[in-house]
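Me: I'd like to go through this model with you and ask how each label is earned. Could you set the values against the definitions for me?

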Amino acid sequence: MRFVFASLFAVFVSISGIGVTHADEEKWLHGDTLFGELKYGPDFAHYDYVNPDAPKGGQLKRTAFGGYDTFNPFIPRGRPPVQLNYFGGLIYDRFFEQSQDQASASYGMIAKEFRKADDSSWAVYKINEKARFHDGEPIKPEDVIWSMKVLRENYPLWSGYFKNVESVEKTGDHEVTFKFDQKGNRELPHIIGDLVILPKHWWEGTDADGNKRDISQPTTEPPLGSGPYKIGKYELGKYIEYDRVEDYWAEDIPIRKGRFNFDSIRYTYFLNQNAMWEAFKKGQIADYWVESKESRWVKEYNFNAIEKGDVEKLTFPIERGQVYEGYFFNTRLDKFKDVRVREAITLMLDFETLNKNLFFGLYTRTDSFFEGGELESTGIPEGREKEILEAYKDKLPADIFTKEFRLPDYSKPATKRKLQRRALKLFKEAGFTFDTNRTLVDASGKPFEIELITFDPQSERSTNSFVSALKGIGIKVSLRVLDTAQFKLRSDNFDFDMASYPTIQSASPGNEQRDYWSSSSADTIGSRNYAGINDPMIDELVEKIILAPTREELVALTHALDRILKWRYYAVPQWHNPVVWFAKWRHIQVPQPQPPYRGVDSLSFWIDEAQEKELKQ
């Protein structure tokens, strides 16, 4: 999925009725990978990059932007706190855990091992007998079955992600069997590992006031979890503390060794990002800072704590696909249904001038929905990718086969006028003209208007340049900065013209692609199909990706999908930073090197209490 997804589901012969005859189907596996070999064998001690002897203790202090109003992250409604999300966050464990230092790999957690059919039509998972919720109750097959049911019912991402799960059965005291409605989908046994296991007994019980709990509704009651932390002190929307669970059941599991070293993790919420920065500079409120503002990285790291050596600047390389961030068009609206309109608007983003004048030349233009690595389409289609595209030749522009997809390049002085003329030509072809005020209007005389929404005040500088360029060709456009609650509500309900969103792709695309691009998610509240794509051709390609029999076929299919998405102009691509900019106070200890696949694993850090004491003096 948007990230690598861990492996899990299994099948038990006596219940499933499937005859197991192959040796591979009898083999219990400690982990799974969708391509290549697992980095670590069944007897590994810990991740290579961690310090297995890192001391436990202290409180990590962080800042967060916005607020939160619910402790239920498994429904679209409400804003859960940072580190409590639909993947479980700090308080829930999953069946398997995605590897921190290898793409598309995962290792056993609640499910300590699994086995699967040769044709991936079933999988059986063996629950670790030590697995416990924080109240001491063992994690049972009934919790697994119930979790699958309620997550699919209540969260759009999981309903699409686990769409092909046909049945889930208890096949032993510590075994669960999953059957799938497809054969040959190698990802299905793998992605079961991403299942968050929830405590059925707690959610079906009552709260302190005797009210029955309801997982389909928001809640402000701290939930029972199974992970390394539980919710401690908090003030709703203001701050939250996660306390380390002292008798955590998985303390000695290899993927947990050397990680989760803080006794407590505190997040303090701010409504202003500049105030967050000042809090970091002051100390005692934020122990480290991941920088997202290029001008600050270049010009503002000259404060007193830097000069004294109390704060250190670091950079970490990222060796995975980059985040795609773009201004997505809401094609559910009539005004954005014509691809010529979307292309014309895309032509107006002048990245080169932004990068030179605002970004200090530090960013790279994003030009692929699968940016970075082998999944990104480049050049013109060749070989197997070309064969795939030719099957849809009558539905695609002829240029897709003969021309490289290129975003506008403003590096030459004369380019601006040329691109403006090209954009206006596209608008004219789409039926728009100028009125007497030089405003673009449709055939009925209605002005072409755009409201672009964001929740990030820091993005105003760069976005205002884009807004001005659009106004320059006669579009009535406004930028509206919303608070996080409004932005989430409008996004979940697709109540926007254009909006800026990130999408994060897995190194092995699969079932999650439905949530991004398929017709089934176009009108599903809370889905990540921001553009409202509703196209049988794309639906078919997504399903072929999910069922790709080999890595080579998966790559070719993903290239084809990426190329079609680019030529359909569903979003105006922005830019990315190929490294992580990072700063920390000196009492925070970071094992080196950090895993390039993740960039930074902050949960491998620990506190030097002697240095922390010095800083407080």
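Me: Which helix gives the most to the lining of the second largest pocket?

Reply: That's H10, with three residues. Keep in mind that this is a predicted model. H10 covers 339–346, and both H10 and helix H11 (351–357) supply at least two residues of that lining.

Me: What makes a residue part of the lining of the second largest pocket?

Reply: A lining residue has an atom within 4 Å of a point of the pocket. For the second largest pocket, 21 residues line the space. Phe405, Arg406, Leu407, Arg422 and Tyr569 are the ones nearest its centre. The space in this pocket comes to about 590 Å³.

Me: How do the lining residues of the second largest pocket divide into nonpolar, polar and charged?

Reply: Nine are nonpolar, one is polar and eleven are charged. Asp, Glu, Lys and Arg count as charged, so Arg406 and Arg422 belong to the charged group. Phe, Leu and Tyr count as nonpolar, so Phe405, Leu407 and Tyr569 go there.

Me: On to strands. How do you know that E18 and E19 pair?

Reply: Two strands pair if there are at least two bridges between them. Strand E18 (residues 449–454) and strand E19 (residues 476–481) are joined by six bridges, so they pair. They run parallel. As an example, Glu449 has Lys476 in E19 as its bridge partner.

Me: Why is the crossover from E18 to E19 called right-handed?

Reply: The chain leaves E18, goes through helix H15 (residues 460–471) and reaches E19, a β-α-β crossover that is right-handed. That name is used because, with the strands pointing away from the viewer, the path from the first strand over the helix to the second runs clockwise.

Me: What is the order of the open sheet of four strands?

Reply: The order is E5-E6-E8-E7, with antiparallel pairing. Strand E5 (111–116) and strand E7 (165–172) are the edge strands, since each pairs on one side only. Neighbouring strands here are turned by 20° against each other on average, ignoring direction.

Me: How do you know that E5 and E6 pair?

Reply: Same test: at least two bridges are needed. E5 and strand E6 (residues 122–127) have five, in the antiparallel sense, so they pass. One of the partnerships links Arg115 to Val124 in E6.

Me: What do E7 and E8 form?

Reply: A hairpin, with two residues between the strands. Six bridges join E7 to E8, and the two run antiparallel. Lys170, for instance, has Val176 in E8 as its bridge partner.

Me: Which helix lies across E6, E7 and E8?

Reply: Helix H3 (residues 141–154) does, running at about 165° to E7.

Me: What makes E12 and E13 edge strands?

Reply: Each pairs on one side only. Their open sheet has three strands in the order E12-E23-E13, with antiparallel pairing. E13 and strand E23 (residues 579–585) are joined by seven bridges, and one partnership there links Glu312 to Lys584 in E23. Helix H7 (residues 273–282) lies across E12, E13 and E23, at about 135° to E12.

Me: What is the phi of Phe360, and where is Phe360 found?

Reply: Phi is near 60°, a positive value in a residue other than glycine. Phe360 sits in the loop between H11 and strand E15 (364–365).

Note on methods. Residues numbered from 1 in each chain as written. Predicted model: local features only at pLDDT ≥ 70, side-chain atom pairs only at ≥ 80, totals over all residues. Heavy atoms only, no water. 1 Å grid on protein atoms, 1.4 Å probe; cavity = no way out; pocket = protein on both sides within 12 Å on 5 of 7 lines; lining within 4 Å. Points joined across faces, edges and corners; volume = space filled by probe spheres on them. Axes fitted to C-alpha atoms, helices over the stretch in contact; angles between N-to-C directions. Contact = heavy atoms within 4.5 Å.
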